[in-house]
Amino acid sequence: MTTSLKDYVQKLLEEHRGERVFRFEYLGKHYWLKQPEQLKGIWLLLKPYPKQHFKEECEILQHLNNIGAPVPKLCGFGDDYLVLEDAGPTLNIWLNDETLSWAEKSHILHSAIEILINLHQKGIIHGRPAIRDIAWKEGKITFMDFESHSKSHNEHWLITRDMLAFLDSLCRVKSLDDEKLNELFDYYKSHCPITYWDDMLSYVRRFRWLYYLLLPFKPIARTDLLAVYRSCEHSSGTCPDGICRYWR
């Protein structure tokens with residue numbers, strides 16, 4: 001007699017109590033078992049309500065599953081756990097796959113861009129759509145780890161924040177050179193409502209002084225700061241080629 005998924009998960013909970021995320025196989029399919037964060041020390045001050053955040057995440061997933069949004073299938077949940085169907089490798093993994101051509105990789109990224117734009121047009125905010133939180137499997141894009149807990153009701157700002165998070169995550173990928181980033185930024189610009197792009201540029205322009213202030217440190221900058229440089233350069237047109245692509 002085959003153990004039900006619910007009973008199998010209860011057994012895993014006993015064996016992996018407190019483990020934040022655990023991948024497992026059941027009847028030939030892969031799933032993720034997720035539990036509330038177990039915080040200690042300073043993190044209790046920085047993230048004081050882990051169980052409440054976990055409950056909110058579960059409620060968000062239930063809602064998004066019900067409306068058919070591109071999120072992992074929620075296969076079970078309780079007060080202290082949730083089970084998600086595996087959605088495949090994330091975009092950062094695909095980008096590092098040397099067996100794929102750039103044409104194949106750009107197709108995956110274009111799909112992610114189109115789906116993110118579609119989410120925004122439906123009023124759905126992710127909160128941090130970095131490429132490590134977006135999966136692709138057999139032609140299907142899936143967004144994971146929704147973190148939209150902002151109290152702001154300014155939809156323009158929330159969409160801008162999503163766009164910057166996504167584009168910044170692309171700029172962290174060393175294998176994406178200036179030419180490839182230009183193509184991806186152009187693709188985003190040409191497929192999203194012009195108001196989205198204008199709002200983002202308006203925000204970037206407000207802080208362009210910071211870019212020039214930090215520019216002398218570029219030769220010694222690490223990943224985080226380099227991503228900021230590249231995001232500013234490719235969105236605002238201050239790329240090394242000297243061509244002002246978007247500022248005008």
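Let me begin with one pairing in the sheet: in strand 4, the residue that stands as bridge partner to Lys34 is Leu82, where strands are DSSP runs of E with at least two residues, helices are DSSP runs of H or I with at least four residues, and both are numbered from the N terminus. Before I go on, please keep in mind that this is a predicted model, in which local features need a pLDDT of at least 70 and side-chain atom pairs count only at pLDDT 80 or more, while totals for chains, interfaces and linings use all residues. Residues are numbered from 1 along each chain as its sequence is written, and side-chain values use heavy atoms, with hydrogens and water left out.

Staying with Lys34, this residue belongs to strand 2, residues 29–34, and on the strand 1 side Lys34 has Val21 standing opposite. Strand 2 and strand 4, the latter covering residues 81–85, pair in the antiparallel sense over four bridges, and two strands are said to pair if DSSP finds at least two bridges between them. Strand 1, residues 21–26, also runs antiparallel to strand 2, and six bridges join these two. The hairpin of strand 1 and strand 2 has two residues between the strands, and in it Leu27 takes a positive phi near 50°.

What is the order of the strands in the open sheet? The sheet has four strands in the order 1-2-4-3, with antiparallel pairing, and its edge strands, each pairing on one side only, are strand 1 and strand 3, the latter being residues 74–78. From one strand to the next, the twist averages 20°. Helix 1, residues 5–15, packs on this sheet and touches strand 1, strand 2, strand 3 and strand 4, its direction making about 140° with that of strand 1. As a word on terms, contact means heavy atoms within 4.5 Å, and angles run from 0 to 180 degrees between N-to-C directions, with axes being lines fitted to C-alpha atoms, for helices over the stretch in contact.

One residue of strand 1 that I would like to point out is Arg23. Not counting residues up to four places away in sequence, Arg23 touches His30, Tyr31, Trp32 and Asp86, and although Arg23 and Asp86 are 63 residues apart along the chain, their C-alpha atoms are separated by 8.3 Å. Arg23 counts as partly exposed, at 40% relative accessibility; buried means under 20% relative accessible area, exposed means over 50%, and partly exposed lies in between, using a 1.4 Å probe and protein chains only.

Now to the salt bridges, of which a search of the whole structure finds seven, each being a side-chain nitrogen of Lys or Arg within 4 Å of a carboxyl oxygen of Asp or Glu. Lys34, which we met in the sheet, forms one of them with Glu57, at 2.6 Å from N to O. This pair links distant parts of the chain, since Glu57 sits in helix 3, residues 50–66, and the two are 23 residues apart. Are these two partners buried or exposed? Lys34 counts as buried at 9% relative accessibility, and Glu57 is buried too, with a relative accessible area of 10%.

Another salt bridge is that of Asp133 with Arg128, whose closest N and O atoms are 2.7 Å apart; here Asp133 is buried at 3% relative accessibility, whereas Arg128 is partly exposed at 25%. Arg172 and Asp168 also meet in a salt bridge, at 3.1 Å from N to O, with Arg172 partly exposed at 33% and Asp168 buried at 18%. Salt bridges that share partners also join Lys34, Glu57 and Asp145 into one network.

My last topic is a pair of helices. Helix 5, residues 102–121, and helix 7, residues 178–191, pack at an angle of about 30°, with their axes 10 Å apart. Which residues of helix 5 and helix 7 make the contact? On helix 5 they include Trp102, Leu109, Ile113 and Ile117, and on helix 7 they include Leu184, Tyr187 and Tyr188.

Finally, for the chain as a whole, the secondary structure comes to ten helices and six strands, and buried residues make up 43% of the 248 residues.
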